[in-house]
Each structure stands twice: as structure tokens, then as C-alpha cells.
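User: I am new to this structure and would like a close look at a single part of it. Please take one residue, go through its surroundings, and then show how that part fits into the rest of the chain.

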Amino acid sequence: MPAEVPRILGRLGVPGAALLGLVSSCASAGVGGQAPADRPQSRWEIAVTDRGFEPAHIAVNAQQPIVLVFTRVTPKACLKEVVVYLDDSHTVRRELPIGQPVELRVTFSKSGDLGYSCGMSMYGGRVDVR
Ligand SMILES: [Cu+2]
């Protein structure tokens, strides 16, 4: 597990150990029908379910405009918003209305391990920026 995401979340008050736990548990969750997470794509559709974010691991290219489409299908209040970590100091936060795809256009400026999480960082996913 790379240190980058826990370090970033740690600055935001989230213990790294908690994130390690959530990332590994999410990584073992099934990813239905999508391209392999290790192949960079410029568009990812991410379902927000009772189990968290699916997929919980994606790959993208640095310095390329990326579209992330989050669709929340769970009523869990915990997952009512998403935070995307673009680098050490930049995050994007969006509300996720149930059943309504929310399209985020973002660019990851440099390679590394970034991520996305719910508003309180209980669920999350890893973004492998190449
Ligand atoms: Cu949460």
C-alpha cells in the first residue's frame, strides 16, 4: 500500500490505518463488468453502493482530463457525498443525490497514488495515476 493517500488523508484528520483498512476491504469487493483497474482510462463509471465505491481501484493518466461518473444507489447517508483527492492540497467534493449520475471532470497533475472517499473517509477507492 503506497503511503501517498494515507498521508493526504492524515492531513485532513483521517488516521492512515483506518484508510488502509478500508482500501484493502474495498479492493477485495467484486468489480462487475468493468475494464481492469490497472489499465488507465479517461472515463470511469463508479457505483456508490452499500459496499462503498465500485470499483475501488482505478488507473488514470496524469495531466489528462478525466471524467469520473459517480452514481449513488445506496440510501446510506455516509455515502451522500464524494471527495476526490487530486494532489496534496486539492480536493473536489460533490453531493451525490440517489440515482443521479454526478459527472466530475478532473485532471490529476502528477503520477502517484491518489483516491476518492465518502465525506467522512469511511469508504474509499484508490486512483493509480500514471
Ligand atoms: Cu462515510
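Analyst: Leaving aside residues up to four places away in sequence, Val92 touches Val84, Leu86, Leu104 and Val106. The model is a predicted one, and the distances and contacts below are computed from it.

Val92 lies in strand E6. Of the residues it touches, Val84 stands opposite Val92 across a strand pairing. That pairing is between strand E5, residues 81-85, and E6; the two strands are antiparallel and are linked by five bridges. The chain gets from E5 to E6 by a hairpin of five residues.

Another of the contacts, Val106, is 14 residues from Val92 in sequence, and the C-alpha atoms of the two are 8.5 Å apart in space. Val106 belongs to the range of strand E7 (102-107), which is an edge strand of a four-stranded sheet.

Is Val92 buried or exposed? The answer is in between: 14 other C-beta atoms lie within 10 Å, so Val92 is partly exposed. A residue counts as buried from 20 such neighbours upward and as exposed at 12 or fewer.

The loop between E5 and E6 can be looked at in the same way. Asp88 is placed in that loop. Asp88 counts as exposed, because it has 12 C-beta neighbours inside 10 Å. Asp88 and Leu114 are 26 residues apart along the chain, with 8.9 Å between their C-alpha atoms. Leu114 falls within the residues of strand E8 (112-118).

Next comes the sheet that holds E6. This is an open sheet of five strands in the order E3-E9-E8-E5-E6, and its pairing is mixed. Why do strand E3 and strand E6 each have one side without a neighbour in the sheet? Strand E3 (57-60) and strand E6 (91-95) stand at the edges and have a single partner strand each, so one side of each is left without a neighbour there. From one strand to the next, the twist averages 20 degrees.

Further along the order of this sheet, E8 and E9 are paired. Strand E8, residues 112-118, runs antiparallel to strand E9, residues 124-129, and six bridges join them. In this pairing Ser117 is set opposite Gly124 of E9.

There is also an open sheet of four strands, with the order E2-E1-E4-E7 and mixed pairing. Strand E2 (52-54) and strand E7 (102-107) are its edge strands, each pairing on one side only. Here the twist from one strand to the next averages 30 degrees. Strand E1, residues 43-49, pairs with E2 in the antiparallel sense over three bridges. Within that pairing, Val48 is opposite Phe53 in E2.

Finally, the chain as a whole. How many helices and strands does the chain have? It has two helices and nine strands. Along the sequence the pattern reads α-α-β-β-β-β-β-β-β-β-β. The chain has 130 residues, of which 30% count as buried. Taking contacts between residues at least 6 apart in sequence, 57% join residues at least 24 apart.

To return to the starting point, Val92 is partly exposed, and its strand, E6, stands at an edge of the five-stranded sheet.

Key:
Residues numbered from 1 in each chain as written. Predicted model: local features only at pLDDT ≥ 70, side-chain atom pairs only at ≥ 80, totals over all residues. Pairing = 2+ DSSP bridges. Axes fitted to C-alpha atoms, helices over the stretch in contact; angles between N-to-C directions. Contact = placed C-beta atoms within 7 Å.
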